[in-house]
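Please read this note with the structure open beside you, and look up each residue as it is named. The points begin with a single residue and then move through other parts of the chain.

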Amino acid sequence: MRLVYTDQNRLLVEHARNVVENAGIEVTLRNEWVGGASGEVAPTAAWLEVWVVEDADEQPALAAIEAAQRTTDGPDRVCANCGEASPAGFAQCWNCEASF
């Protein structure tokens with residue numbers, strides 16, 4: 001197993017986990033319940049961690065996380081279904097949820 005992501009913000013860690021799982025890579029979370037030890041252990045030792053189960057999946061997992069963290073600049077996309085504009089980074093319309 002290899003550590004691929006950690007952060008003090010649980011939402012960011014859960015997002016990273018979802019990104020890696022959606023790439024078809026098996027992961028596990030560690031330190032899910034260590035928060036209660038905060039103050040008794042080093043602060044970073046209590047952060048939630050995403051680990052890949054197979055060592056060979058480390059690089060693909062890191063690449064998936066990096067790709068998800070990149071911002072997408074560009075013009076807004078206009079939905080062909082409802083005509084609403086959505087930011088360039090959206091994969092579907094914010095209003096009607098149609099795919100771009």
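1. A good place to begin is Glu 97, which is found in the segment after strand E5 (85-86). The model is a predicted one, and in it Glu 97 has a positive phi of about 65 degrees although it is not a glycine. Is Glu 97 buried or exposed? With a relative accessibility of 57%, Glu 97 counts as exposed, because the cut-off for that word is over 50%.

2. A second residue with a backbone angle of this kind is Asn 31, whose phi is positive at about 70 degrees although Asn 31 is not a glycine. Asn 31 sits in the loop between strand E2 (27-30) and strand E3 (48-52), and its relative accessible area of 22% makes it partly exposed. The student should note that buried means under 20%, so the value of 22% for Asn 31 falls in the partly exposed class.

3. Turning to the chain as a whole, how many helices and strands does the protein chain have? There are two helices and five strands, and, read from the N terminus on, these elements follow one another in the order β-α-β-β-α-β-β.

4. The overall dimensions deserve a careful look. The radius of gyration of the protein chain is 17 Å, whereas a compact globule of 100 residues would have one near 13 Å. Along its principal axes, the C-alpha trace spans about 55 × 30 × 20 Å. Of the 100 residues in the protein chain, 26% are buried, and the accessible surface comes to about 6700 Å², with 49% of that surface belonging to carbon and sulfur atoms.

5. Two further totals describe the chain. Among contacts with a separation of 6 or more, 43% are accounted for by residues 24 or more positions apart. The chain carries 6 positive and 16 negative charges, and the mean positions of these two sets are 2 Å apart.

6. Helix H1 (residues 10-22) allows a simple check of geometry. At 1.5 Å a residue, its 13 residues should span 18 Å, and the C-alpha atoms at its ends are 18 Å apart, which agrees with the expectation. Which residues of H1 are buried? They are Val 13, Glu 14, Ala 16, Val 19 and Val 20, and the buried residues of H1 pack against strand E1 (2-7), E2, E3 and helix H2 (58-69). As general background, an α-helix has 3.6 residues a turn, so residues three or four places apart point the same way.

7. Within H1, Glu 14 may be worth a separate look. Its relative accessibility is 17%, and Glu 14 therefore counts as buried, since the cut-off is under 20%. Not counting residues up to four places away in sequence, Glu 14 touches Leu 29 and Leu 48.

8. Asp 55 lies in the loop between E3 and H2, and at 39% relative accessibility it counts as partly exposed. When neighbours within four places in sequence are left aside, Asp 55 is in contact with Met 1 and Arg 2. By contrast with those contacts, the C-alpha atoms of Asp 55 and Phe 100 are separated by 35 Å, the two residues being 45 residues apart along the chain.

9. Two loop residues can be taken together. Pro 43 is found in the loop between E2 and E3 and is exposed, with a relative accessible area of 66%; its C-alpha atom is 11 Å from that of Asp 7, which is 36 residues away along the chain. Arg 70 is found in the loop between H2 and strand E4 (77-78) and is exposed, with a relative accessible area of 52%. From C-alpha to C-alpha, Arg 70 and Tyr 5 are 15 Å apart in space, while in sequence they are 65 residues apart.

10. The last point concerns Val 78, which lies in strand E4. What does Val 78 contact, leaving aside its neighbours within four places in sequence? Its partners are Gly 83, Glu 84, Ala 85 and Phe 100, and at 58% relative accessibility Val 78 still counts as exposed. Val 78 and Phe 100 are 22 residues apart in sequence, and their C-alpha atoms are 8.7 Å apart in space.

Methods
Residues are numbered from 1 along each chain as its sequence is written. This is a predicted model: local features need pLDDT of at least 70, side-chain atom pairs count only at pLDDT 80 or more; totals for chains, interfaces and linings use all residues. Side-chain values use heavy atoms; hydrogens and water are left out. Helices (H or I, at least four residues) and strands (E, at least two) are DSSP runs, numbered from the N terminus. The radius of gyration is taken over C-alpha atoms; the globule rule is 2.2 Å times the number of residues to the power 0.38. Buried means under 20% relative accessible area, exposed over 50%, partly exposed in between (1.4 Å probe, protein chains only). Contact means heavy atoms within 4.5 Å. Accessible areas come from the Shrake-Rupley method with a 1.4 Å probe; for residues, only the protein chains shown count as cover. Lys and Arg count as positive and Asp and Glu as negative; His and the chain ends are not counted. The place of a charge is taken as NZ of Lys, CZ of Arg, CG of Asp or CD of Glu. The expected span of a helix is 1.5 Å times one less than its number of residues.
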